[in-house]
Every structure is written in structure tokens, then in C-alpha cells.
Amino acid sequence: MATMSIANLAKMKASGDKIASITAYDATFARLFAKLGMDFMLVGDSLGNVVQGHGSTIPVTVADVAYHVAAVRRGAANAFVIGDLPFMSYSNPQQAYESSAELMRAGANMVKLEGGEWLVDTIHGLVERGIPVCAHLGLLPQSVNVLGGYKVQGREQSAADATLQHALALQQAGAQLLVLECVPVSLAARITEQLSIPTIGIGAGPDCDGQILVMHDMLGLNSDYLPKFVKNFLADHGSIQAAAAAYISAVKDGSFPGPEHSFSG
């Protein structure tokens, strides 16, 4: 896998080339995904659910994420790797700096955090200190207790307008990538059009600049419950390698996500 960079991701948005990404947590899968040409990998706090067996992402610590970032980096030396800042590890700028430094030392190229305009000063400070930032709007798993469950966000006009304003503010603060989770197709398209930075959708429809899935969902391993926005790529292919390759191809050619994986306004 050729070395990916933030500049390359920005060029992909400008040229209309779709960005394919996935979560990864260990060296073996990281090596496979890199070999297949995955554009970037996220060491998500979803590891709390799919690796550690928790019911949410809340118990995950910075040390947990750093451990898995290091494993992914060892498996894919040249990959672009984003490390998730877990619950309450960036409640103020100084804490965010320290948490992010730990993930960057472990091998991350960028950190991701969840939330809107309250993060403007934190993001500005991180970027000023040489730490690239991926923002995250829409459904925020770390805030599920406040949101009252895993629900589509931004369906009302006022909420959609607010989400767009948050996105613009986060970009202005220095965020260089934005994940949009579980928002209506129309809102994701609107945000993607107005931002100069790439948008990465998960349950946000086909108009984002790229897509991401939890690898266990992409492989249909969470058989108890698959969200609407997930497609089991292993079901139609004979191996994990073929499934991952099919996922990348489907993102690149725009066939995934389809209308059946998306939410209307």
C-alpha cells in the first residue's frame, strides 16, 4: 500500500475519487487491509464492543486505543491510521493534548474526537501543536446516554442546520476530516458540498466523499444485530480477503451504500 496522507485524501475529494476506510484493531487485519488498498484505517473505540465485549464504547481508555494503534502500525507500516480519542479523554484542551500525544506516539497519523462547536478551541490547539484532527458529527456513540439511544440525527430542519454550522466551525478550527454517522442522505450531501475537507460516512448515504464500516459489521460477524447501514460483504464472497476487496470496490464505484443502507430526511 502506497503511503497515504491528508493531502492525498484532500486530492481524492477534489477529484471525486471515493475514499474507502475501515476499522482495524490488530496487525493481521491491518496488513490485509493495507495490501488490498484500503485508503485509511481507524482504530475505533468500537473496540470496546467488538474486541473487549462491552455493551458500549464508554469503558475504553486511551491506553486501550494506544495498544491497538501500535498493533495496527506494526501490521501496516505505511498505512494512514487514525486513533479514536475515547470517552472523557478530551474534556478540556490540555487533556486532549496529552491523550492525543499518547496515540500519536503509538503510531497514529491523526486523532478523532466526537462533538460540535465546543471542540473548536481544542481542535485549534491540537492542530497548532502538530496533531491532525478528524471530527465526528451526527450520532455520537460516546454521547449515547445523552442522546437516548442510537438514533438518526439531524432529521428536523433546525437540527440539520445546526449540524452544518458545527461542521463549518470544526473545519474552520482546523479539522481535516469529518465523519458523519447516521444522518439523512440530504444532510450529508449538503455538508459534503459545503466543506472543503473530505467527509466520511457511516449510515450517511452515498454522497459523502468516502465510507467507513466497523470491520466486524462488514464481515457480518455481529449476527445478533446489523444496523440498517451495514452490508455483510462476506455473505456473497468466499473469503475475508474477497469480502474486504468487494467492500473497497463497492465504495469506489459508488454502489455502496445503496438506498437500503441510507436514511431519508
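**Salt bridges and a buried threonine**

Let me start with one pair: the side chains of aspartate 161 and arginine 190 form a salt bridge, with N and O 2.8 Å apart. Aspartate 161 sits in helix H8 and arginine 190 in helix H9, residues 185-194, so this pair ties together parts that are 29 residues apart in sequence. Aspartate 161 is partly exposed, its relative accessible area being 29%. For arginine 190 the value is 29%, which again counts as partly exposed. Please keep in mind that this is a predicted model.

How many salt bridges does a search of the whole structure find? The search finds five. As general background, side chains of opposite charge can pair when their charged atoms come close.

Another of these joins aspartate 209 to lysine 13, at 2.7 Å from N to O. Lysine 13 belongs to helix H1, residues 6-15, while aspartate 209 is in the loop between strand S7 (199-202) and strand S8 (210-213), so the pair ties together parts that are 196 residues apart in sequence. Are these two residues buried or exposed? Both aspartate 209 and lysine 13 are buried.

A further salt bridge links arginine 129 with glutamate 128, and their closest N and O atoms are 3.6 Å apart. Glutamate 128 counts as exposed because its relative accessibility is 58%, and the cut-off for exposed is over 50%.

Back to helix H8, which spans residues 157-173 and also holds threonine 163. Threonine 163 has 12% relative accessibility and therefore counts as buried, the limit being under 20%. Which residues does threonine 163 contact, leaving aside its neighbours within four places in sequence? They are Leu137, Leu187 and Ile191.

Notes. Residues numbered from 1 in each chain as written. Predicted model: local features only at pLDDT ≥ 70, side-chain atom pairs only at ≥ 80, totals over all residues. Heavy atoms only, no water. Helix = DSSP H or I, 4+ residues; strand = E, 2+ residues; numbered from the N terminus. Buried < 20%, exposed > 50% of the residue type's maximum accessible area, 1.4 Å probe, protein only. Contact = heavy atoms within 4.5 Å. Salt bridge = Lys/Arg side-chain N within 4 Å of Asp/Glu carboxyl O.
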